[in-house]
Amino acid sequence: MSVSLKGLALTLTVGLGLTGCAVVPPNSGDNPKDPLETINRQTHALNMTLDEYVLHPVAQGYVDYVPEPVRDSVHNFYSNLREPRNAINNLLQGKGADSAVSVARFLINSTVGIVGLFDVASYMNLEHAPEDFGQTLGKWGVPAGPYIVWPLLGPSTLRDTVGYPFDVAADPSTYLYWGESDLVPYSLAQGALYVIDMRAGLLATDAMLATAVDPYVAVREAYLQNREFSVYDGNPPLIFPEDDFGDEDFDE
């Protein structure tokens, strides 16, 4: 049970935390990146409702009543659990140095940092190098495919959806409660806390999305641009518009 809750939480918080009401326009589906727009918008509306009545109030209460040092430690703990995933995907992308740093961060923070509650590695100038399998697929030329909004899970693409199970498998917490039915409540609590931590980190963006003309489009474009930015490590290729001259010849 902790597998699905923990591994899906980042996508869930992005999808639920940055949503707004939107009417399905008559040209829905015309965007080649979003051929499923009509269905996606309906799913987006469902996710928005769940966020409005559940996630947002809980996350706001978490920020209001839980001391910041405690929240920082919770965030560090979950960030540390993603280091094995980072190490594997950095290696698959040919970034040996970053992979080694991710391994070092996990070992240091899991021991000296007390199971990841304290980010000691950052004080040692071991910089965080986050990567996931969707980025790895993109690195090796796999196209993003259509934009997809999953119920409860939020925005994704076909490529990221395919990559998600591999990221779950690389998460150590996936195996923490394996086969232990008596520990299911702890698994659920851990997964719920992860979702709350991620949603709390997005509270500052709520006002910005509230002013968007079409929040659905705002979320979609932000997600797709962020993923492209991540795949190319902050340097996506420049795309120039085609000229209007075609193949006509002009005399000098």
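**Figure 1. Close-up of Ser156 in strand β2 of the predicted model.** In this predicted model, Ser156 belongs to strand β2, which covers residues 154–157. With a relative accessible area of 6%, Ser156 is buried, because it falls under the 20% limit that is set for that class. The side chain of Ser156 is joined to the side chain of Thr161 by a polar contact of 3.1 Å. Thr161 also appears in the list of residues in contact with Ser156 once neighbours within four places in sequence are left aside, and the other members of that list are Pro146, Tyr147, Ile148, Trp150 and Tyr223.

**Figure 2. Close-up of the second largest pocket.** The space in the second largest pocket amounts to about 360 Å³. The lining of this pocket is made up of 19 residues, and those closest to the centre are Lys33, Ala144, Arg159, Leu224 and Glu228. Two helices, α8 (158–169) and α11 (215–231), each contribute at least two residues to the lining of the second largest pocket, and α11 gives the most, with 6 residues. Sorted by residue class, the lining of the second largest pocket holds 8 nonpolar, 5 polar and 6 charged residues. As background to views of this kind, rolling a probe the size of a water molecule over the atoms shows where empty space is left.

**Figure 3. Close-up of two loop residues with positive phi, Val115 and Asn125.** Val115 is placed in the loop that runs between α5 (96–111) and α6 (120–123), and its phi is near 50°, a positive value in a residue other than glycine. The relative accessibility of Val115 is 48%, and Val115 therefore counts as partly exposed, since the exposed class begins over 50%. Asn125 lies in the loop between α6 and α7 (133–139), and here too the backbone has a positive phi in a residue other than glycine, with a value near 60°. At 63% relative accessibility, Asn125 counts as exposed.

**Figure 4. Close-up of Val195 in helix α9 and Asp51 in helix α2, each shown with a partner far along the chain.** Val195 sits in helix α9, which spans residues 184–200, and Val195 is buried, with a relative accessible area of 9%. Its partner in this view is Leu55: the two residues are 140 residues apart along the chain, and their C-alpha atoms are separated by 8.4 Å. Asp51 is located in helix α2, which spans residues 37–65, and at 7% relative accessibility Asp51 counts as buried. The partner of Asp51 is Arg199, which is 148 residues apart from Asp51 in sequence and 9.4 Å apart in space, C-alpha to C-alpha.

**Figure 5. Close-up of Tyr232 and Leu107 with their partners.** Tyr232 is found in the segment after α11, and at 40% relative accessibility Tyr232 counts as partly exposed. Between the C-alpha atoms of Tyr232 and Gln135 the separation is 8.4 Å, although these residues are 97 residues apart along the chain. Leu107 is part of helix α5, and Leu107 is exposed, with a relative accessible area of 52%. Pro84 is the partner shown for Leu107, and the C-alpha atoms of these two residues, which are 23 residues apart along the chain, are separated by 9.8 Å.

**Figure 6. The whole chain as the setting for the close-up views.** The protein chain contains 11 helices and 2 strands, and these elements follow one another along the sequence in the pattern α-α-α-α-α-α-α-β-β-α-α-α-α. Of the 252 residues in the protein chain, 40% are buried. The protein chain exposes about 14300 Å², of which 65% is supplied by carbon and sulfur atoms. When contacts are taken between residues at least 6 apart in sequence, 71% of those in the protein chain join residues at least 24 apart.

How values were computed. Residues numbered from 1 in each chain as written. Predicted model: local features only at pLDDT ≥ 70, side-chain atom pairs only at ≥ 80, totals over all residues. Heavy atoms only, no water. Helix = DSSP H or I, 4+ residues; strand = E, 2+ residues; numbered from the N terminus. Buried < 20%, exposed > 50% of the residue type's maximum accessible area, 1.4 Å probe, protein only. Contact = heavy atoms within 4.5 Å. Areas by Shrake-Rupley, 256 points an atom, 1.4 Å probe, with all protein chains shown as cover. 1 Å grid on protein atoms, 1.4 Å probe; cavity = no way out; pocket = protein on both sides within 12 Å on 5 of 7 lines; lining within 4 Å. Points joined across faces, edges and corners; volume = space filled by probe spheres on them. Nonpolar A, V, L, I, M, F, W, Y, C, P; charged D, E, K, R; others polar. Polar contact = N/O pair within 3.5 Å; in protein donor to acceptor, adjacent residues only side chain to side chain.
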